Amino acid sequence: MIIARDLRKAYRDGSGEVRVLNGLDLDVRAGEFAAVVGASGSGKSTLLHVLGGLDADYQGQVEVAGARLRELDDAGLALFRNRQVGFVFQAFHLIPNLTALDNVLLPAFFGAEPFGPELRRRGRDTLARVGMSEKEDRLPAQLSGGERQRVAIARALFAEPKLLLCDEPTGNLDETTGGEVIGLFRALHREGLTILVVTHEDRMSGAAQRVLRLTAGVIRDGAGEGVR
Amino acid sequence: MRISSLRRLVLLSLSRDWKGVAFSALGVAIGIGSLVFFVSLGLGVDRVVRQKIFPTEATLVDVVPPSVSIGVLGGAKLDQSTVDRLAKLSDVAQVYRKMNVRIPAASRYDGPFFGSNLRIAVEILAVGVDAGLVRKDVLLGDFSDPPPGEPIPAVASSRLLEIYNKSFAPPRNLPQLSPTLVVGFTLPVIFNRTFVGGTATGPSMAGQVQVVGVSERALVAGINIPLETAMRLNRLGSVDAQTFSGVTLVARDPSAVPRIIQAVKGMGLQIDDQERRLAQNAGAAVLITTYAMALLSMLICLLAAVNIAQALFAAVSARAKEIGIMQAVGASRRDIRNLILAEAGVIGLIGGGLGVLGALVLAAAVDRLSASRLPNFPFKPDTFFSHDWRIFAGGLALGILAALAGSFLPSRQAAAMNPATTIAE
């Protein structure tokens, strides 16, 4: 599902060039639930952004779900993000003036299908999948942290992507709520979804099949088998 | 992104900050409103000038004899042979001769006047014209030299009637007269008699003049009578009854007028374009004022565009994360740019619509105020405005254009945002 070769990315700060990714190689198989762990600032989020086609400023080769990202133009990358991957962020990143359902439907605004009752039905189904069908008309401010993250997961799942990319998805949640979200990821994995999570939380990485440690800009595999 | 999705996103986005939208749209509305108001006003005043104050027909050319004649090198006389030559010019469709009554004429009237009494003594300026020039406005008789004892038919100027109705009649408590009402009015005239100078010689001739019609083509400060009558009176007064005071040529087409003018000048004659020049000068003054006001309005639109740019720059910065989220779920840079442009376009449309509506309301208020508060001066129109759908469409288009211009840079800034950065912030 994911093949990254010799991935390099650097940026400049006040003290000079900082190499975040330094010849990173990564393979994630279809249907796998993998976690990338590492210290803060180790480049976990950067890796996720590159793999998800959000960041095109890198060196090396990346192939995700059969798409060579380097070969895609902006419109191609947008289509890739719309159809192939779903993002889940630590801060949920819901749009405040949209209801839960409209937030879930956000990818549909940029898709090829005409907006109509069928898409709304699919949006409701997706909300039901994460246990949020009763709160489709609520605004994000009217939801708890766990509920917001469920809506964010529903949004990531709406277009039925092949890959879920999650950036510290339980970072803003308490233990109970975080546990519920982890349980949701497990269920999604069981349904066959490929999940790549970057996290520094043991409970999250513990849920993954495979844990990859990002150190000094490279992946060291086999940092530990996850608890399933 | 599909249009339906764009429309929905724009509405969702604008509904979040309706106060900001209203403020931005207000700027556009003021600019477009003032533009539509002043352009409609300018066109309306221009219409009054051209149609009422100086009604000029595009196909008419007034020819007069040269003002200076120097011996054998002097200009041509405007006699019948010259008139015949003018009639043979290729672009001339019709020729109407004019001859001043070259003896003085005066009228002293003391009697009933449409339900009132009028006592007046005036000098009469009369010009004889070929019947064809005013025939369409003659409502009584056939406008020809009358047999002895019958009143002389006369056509009065519609502009003179307007001045009478608006300026002369009200302070004297005289009735308002319509063109049809005035037809048939008869007043005594004494030819070869004057109240103001001692130039009249020979015996005076008493007669009557009867108004048979009101015409835009008639002499403003006098009356038009049949040409044959003028010639007869001049012969009786032993003055020149051979040469004409002027000739009105009717061109086959307005585009032929310059060629006719050139040919007439080539014959040593002059063109009497005083009315046309007055109309052009008045029109130019109106046009310049309209342009100045339109320019001012466009400046307001420009300021509105700057205001929209500022508002959108701020909005784009504030919405950076939201834009990043949209990009994460599949928005391309083009989608983001189109979204910002569409939001601005809607603001421009709202502003333009409100502006046009405001201009219409203000114009109606001005007309109402004019009708109720302004004195009834000559040529006062029912409306000072000329409303045209093209002005409204232009106003709407300009409103949208101003908003789009204002959103151009913010939309590019939004499209250039790096989602990886904005989401991580």
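**Briefing: the contact between chain A and chain B, and the nonpolar cores**

In this predicted model, the contact takes 28 residues from chain A and 26 residues from chain B. The two chains bury about 2300 Å² between them, with 65% of that area on carbon and sulfur atoms. The largest nonpolar core has 81 residues, and its largest share comes from a helix of chain B.

**Chain A side of the interface**
- His93(A), Phe109(A) and Phe110(A) lose the most area to chain B among the residues of chain A, together 29% of what that side buries.
- Helix H2 (74-83), strand E6 (85-89) and helix H4 (106-109) of chain A each give two or more residues to the side that touches chain B.
- H2(A) gives the most to this side, with five residues.
- By class, this side of chain A has 16 nonpolar, five polar and seven charged residues.

**Polar and charged pairs across the interface**
- Eight residue pairs are in polar contact between chain A and chain B, counting pairs with both residues at pLDDT 80 or more.
- Two salt bridges are found across the interface of chain A and chain B.
- A salt bridge joins the side chains of Asp74(A) and Arg333(B), at 3.6 Å from N to O.

**Nonpolar cores**
- Within the core of 81 residues, those with the most contacts are Leu106(A), Ile153(A), Leu164(A), Phe185(A), Leu188(A) and Ile195(A).
- Helix H11 (residues 333-373) of chain B supplies the largest share of this core, eight residues.
- Apart from this core lies another, of 34 residues, including Leu24(A), Leu26(A), Val36(A) and Ile423(B).
- Leaving out residues up to four places away in sequence, Phe185(A) touches Phe33(A), Val88(A), Ile153(A), Leu164(A), Cys166(A), Pro169(A), Ile195(A) and Met204(A).

Note on methods: Residues are numbered from 1 along each chain as its sequence is written. Chains are lettered from A and ligands numbered from 1 in the order in which they are written. This is a predicted model: local features need pLDDT of at least 70, side-chain atom pairs count only at pLDDT 80 or more; totals for chains, interfaces and linings use all residues. Side-chain values use heavy atoms; hydrogens and water are left out. A nonpolar core is a set of buried Ala, Val, Leu, Ile, Met, Phe, Trp, Tyr and Cys residues joined through side-chain atoms within 4.5 Å. Buried means under 20% relative accessible area, exposed over 50%, partly exposed in between (1.4 Å probe, protein chains only). Helices (H or I, at least four residues) and strands (E, at least two) are DSSP runs, numbered from the N terminus. Contact means heavy atoms within 4.5 Å. Buried area is the accessible area (1.4 Å probe) that two parts lose on being put together, summed over both. A salt bridge is a side-chain nitrogen of Lys or Arg within 4 Å of a carboxyl oxygen of Asp or Glu. A polar contact is a pair of N or O atoms within 3.5 Å; within protein, one must be able to donate a hydrogen and the other to accept it, and residues adjacent in sequence count only if both atoms are side-chain atoms. Ala, Val, Leu, Ile, Met, Phe, Trp, Tyr, Cys and Pro count as nonpolar, Asp, Glu, Lys and Arg as charged, and the others, Gly among them, as polar.
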